[in-house]
Amino acid sequence: MIKKFVIPGALSLFLLNSCSSDKTKSEALTEANKVHLESVAIHDSFEKEIDEKKRSAVAVGDSVLIFKLDSLHNLVELWEEGIIEVPDFEHEHHHEDGAHHHEHKSAPQMTDESMLDYQRNTKAAIEELQKDLNQLKD
């Protein structure tokens, strides 16, 4: 008697699950996630570079450079606060040595195109900070 209900029930669950949860992601959301991951990669590189420059500045006692690097570090922390994940994508970026500085906020309600614009603006902001860092002399 149980077999009468178990097999059809399992089959029904399988069909429901395969039909309802396989939602296709739009091109805009897929691109937004790509841009998000690029931004995070730039951020990770930025943090490594700022740490290296600060170690060098401390070693030579360059207080002006240390101040500028601290200011850039504060700006990147503000940038981190604005990071939002692209909905329906796994959290794919990695953090070395357990470092995990930014919070993974849920995305507010917005269109896919708005999410793409947001991610492009976020990337432009971190690229600008990276450019400022590259202009500092060691």
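**Reading a predicted model, feature by feature**

Mentor: In this predicted model, Lys-25 lies over the face of Phe-89, at 4.6 Å from the ring centre.

Trainee: How many aromatic pairs does the structure hold?

Mentor: A pair of aromatic rings is described by the distance of the centres and the angle of the planes. In this case there is nothing to describe in those terms, since the structure holds zero aromatic pairs.

Trainee: Turning to another lysine, is Lys-53 buried or exposed?

Mentor: Buried means under 20% relative accessible area, and Lys-53 counts as buried because its relative accessibility is 9%. This residue is found in helix H2, which covers residues 27-60, and a polar atom of its side chain lies 3.4 Å from the backbone oxygen of Leu-133.

Trainee: What span should H2 have, and how far apart are its end C-alpha atoms?

Mentor: At 1.5 Å a residue, a span of 50 Å is expected for the 34 residues of H2, and because its end C-alpha atoms are 50 Å apart, the two values agree. The helix is followed by Gly-61, which has a positive phi, near 75 degrees.

Trainee: Where does pLDDT stay under 50?

Mentor: Confidence is best read first for the whole chain and then by segment. The mean pLDDT of the protein chain is 80, with 69% of its residues reaching 70 or more. Among the segments where pLDDT stays under 50 are residues 5-22, for which the model has one contact beyond four places in sequence, and residues 93-102, for which the model has 16 such contacts.

Note on methods. Residues are numbered from 1 along each chain as its sequence is written. Side-chain values use heavy atoms; hydrogens and water are left out. Rings of Phe, Tyr and Trp (its six-membered ring) pair if their centres lie within 6.5 Å; planes under 30 degrees apart count as stacked, over 60 as edge-to-face and the rest as tilted. A charge sits over a ring if NZ of Lys or CZ of Arg is within 6 Å of the ring centre and within 35 degrees of the ring normal. Helices (H or I, at least four residues) and strands (E, at least two) are DSSP runs, numbered from the N terminus. Buried means under 20% relative accessible area, exposed over 50%, partly exposed in between (1.4 Å probe, protein chains only). A polar contact is a pair of N or O atoms within 3.5 Å; within protein, one must be able to donate a hydrogen and the other to accept it, and residues adjacent in sequence count only if both atoms are side-chain atoms. The expected span of a helix is 1.5 Å times one less than its number of residues. pLDDT is the predictor's confidence in each residue, from 0 to 100. Contact means heavy atoms within 4.5 Å.
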